[in-house]
Amino acid sequence: MRILVFSDHFYPEPSAPAAHVFERAKKWVEMGHDVTVICSAPNFPEGKVYDGYTNAWRTVEDLSGVRVVRVKTYVTVNEGTFRRTLDYCSYSLSSSFFSLFEQRPDVILSTSPHLFIPVAGVFAAMSRRVPHVFEIRDLWPASLVATGAMSRSRILQGLEKLELWLYRRSERVMTLTPSFKRDLVSRGVSDGKIDVVVNGANLDLFRPMEVKDAEIVSRYGLEDRFVVGYLGTIGLAHGLENVVAAAEHLRDTDVCFFFVGVGAAKRTLEEMVAKKGLSNVVFAPRQLKEDMPRFWSVCDLSLIHLKDDPVFGTVIPSKIFESMAVGVAALYCVPRGDGSDIVEKHQTGLVVPPMNPEKLAEAVMSLRNDEALRRKFAESSKAAAGKFSRHKQAEASLAVLRQAAEEYGSSQ
């Protein structure tokens, strides 16, 4: 098949969607398919175009057999609703226009979170008379309310109407969690057009490491420390001020919270840590995806954290699968839902009430002092990782694209 993918973020950006889209696209190429991705110049989340790239009207490159078309967008830091909306709209307009110059695909896939991506995808599908598949990584715009980025308003109601229109205009809708599907069905989207394809990890990259990376340990002063690692975007949705509060409870222990990444909330967290004089919270900058296993190697526990809002009970954070792949026990501090079900079913860690620093501190010390339980969770994680591989996810999502193409063809 010839597959055209719309994704605002793409490699080498460090976000989960960027890695997810690239790794899956590579798998499709390995399976013999032609894949083109239309994306922006890499700039997330600092809002600065990466070295070696330009924010040009259109550039084309080949990455591991994936044809990558980068289009001009309004580049801004991942902060502020107005500027980010300009970014989203500019991507939608540029990608829609330049998609007209691409060879006619067999199917188009748009991957969220924000709705301006599938707007471009639906426009392209209608223009080229091909099926469109809408992949939902996040219940947007509901997540905007959950993070406090937007309140209930006529604008939000308009976005919700747009969301439902995009579902109707898509041949199939692919969700990353069962909860997403239930939400869509409750709002009138046909159950028969929704597929659930759960995320996974790149097991070729993420694998257990027997010893801690000595250079990372030395560089960040982690010697003789019990390291709780939070590796990923430090955003508004994650509620990581709760972790700083837990670190304050544990300031007289050998526990160290290790943040690796960037995001809209990082500066605020650094200021909180400095104000409280905490030496047991360490920050590392954004890293290349291929270097992340070295940082995972120094972690005694993996921290998965989101705010206490029912919307976040519907998500399955990708950190679950990476910590499984590297064989590290997890602390899952997210509202109960599909993600906590996976953690408990496969016995990969402890589920902790979100936004409760005392409970988080207690859970950390519980696992700090129980090496046997940590080892049990680690072994269970390694055993479960194969059930959530990127290869399996690529096969399952490809089946959805094939079905969309067949259904569209039979309806013409």
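Student: Which residues are exposed on the other side of α9?

Tutor: Keep in mind that this is a predicted model, where local features need pLDDT of at least 70, side-chain atom pairs count only at pLDDT 80 or more, and totals for chains, interfaces and linings use all residues. Residues are numbered from 1 along each chain as its sequence is written, and side-chain values use heavy atoms, leaving out hydrogens and water. Exposed means over 50% relative accessible area, buried under 20%, and partly exposed in between (1.4 Å probe, protein chains only). By that scale, the exposed residues on the other side of α9 are R267, E271, A274 and K275.

Student: And which residues of helix α9 are buried? Why do they lie on the same side?

Tutor: Helices (H or I, at least four residues) and strands (E, at least two) are DSSP runs numbered from the N terminus. In helix α9, residues 266-276, the buried ones are K266, L269 and V273. They share one side of α9 because, taking directions from the helix axis to the C-beta atoms, they cover an arc of only 65°.

Student: What do the buried residues of α9 pack against?

Tutor: Contact here means heavy atoms within 4.5 Å. Just past the helix comes G277, with a positive phi near 65°. The packing partners of the buried residues of α9 are α8 (241-249), β10 (255-260) and β11 (281-284).

Student: What is the order of the sheet that holds β10 and β11?

Tutor: This open sheet has 6 strands with parallel pairing, and two strands pair if DSSP finds at least two bridges between them. The order is β11-β10-β9-β12-β13-β14.

Student: Why is one side of β11 and of β14 left without a neighbour?

Tutor: β14 covers residues 349-351. Both β11 and β14 are at the edges of the sheet, so one side of each has no neighbour there: each has a single partner strand.

Student: In β13, which residue is the bridge partner of I304?

Tutor: Strand β12 (residues 301-305) runs parallel to strand β13 (residues 330-333), with 4 bridges joining them. Helix α11 (residues 319-326) lies across β9 (226-231), β12 and β13. I304 has as its bridge partner in β13 Y332.

Student: Turning to the sheet of 8 strands, what is its order?

Tutor: This one is also open, but its pairing is mixed. Its strands come in the order β3-β4-β2-β1-β5-β6-β7-β8.

Student: Which strands stand at the edges of that sheet?

Tutor: Look for strands with a single partner, since these have one side left without a neighbour in the sheet. They are β3 (58-63) and β8 (194-196).

Student: Which residue in the turn between β3 and β4 has a positive phi?

Tutor: β3 and strand β4 (residues 66-71) run antiparallel and are joined by 6 bridges, with V66 in β4 as the bridge partner of L63. The two strands form a hairpin with 2 residues between them. The turn residue, with a positive phi of about 55°, is S64.

Student: How many residues of strand β6 are buried?

Tutor: Both faces of β6 (residues 132-136) are covered. H132, F134 and I136 are buried on one side, and V133 and E135 on the other. That makes the count 5 of 5.

Student: Which residue in β6 stands opposite I108?

Tutor: Strand β5 (residues 107-111) pairs with β6 in the parallel sense over 4 bridges. Together with helix α3 (residues 116-128), the two strands make a right-handed β-α-β unit; right-handed means that, with the strands pointing away from the viewer, the path from the first strand over the helix to the second runs clockwise. The β6 residue opposite I108 is H132.

Student: At roughly what angle do the axes of α3 and α5 cross?

Tutor: Axes are lines fitted to C-alpha atoms, for helices over the stretch in contact, and angles run from 0 to 180 degrees between N-to-C directions. The axes of α3 and helix α5 (residues 154-169) come within 10 Å. The contact is made by P118, V119, V122 and M126 of α3 and L162, W165, L166 and R169 of α5. The crossing angle is roughly 35°.
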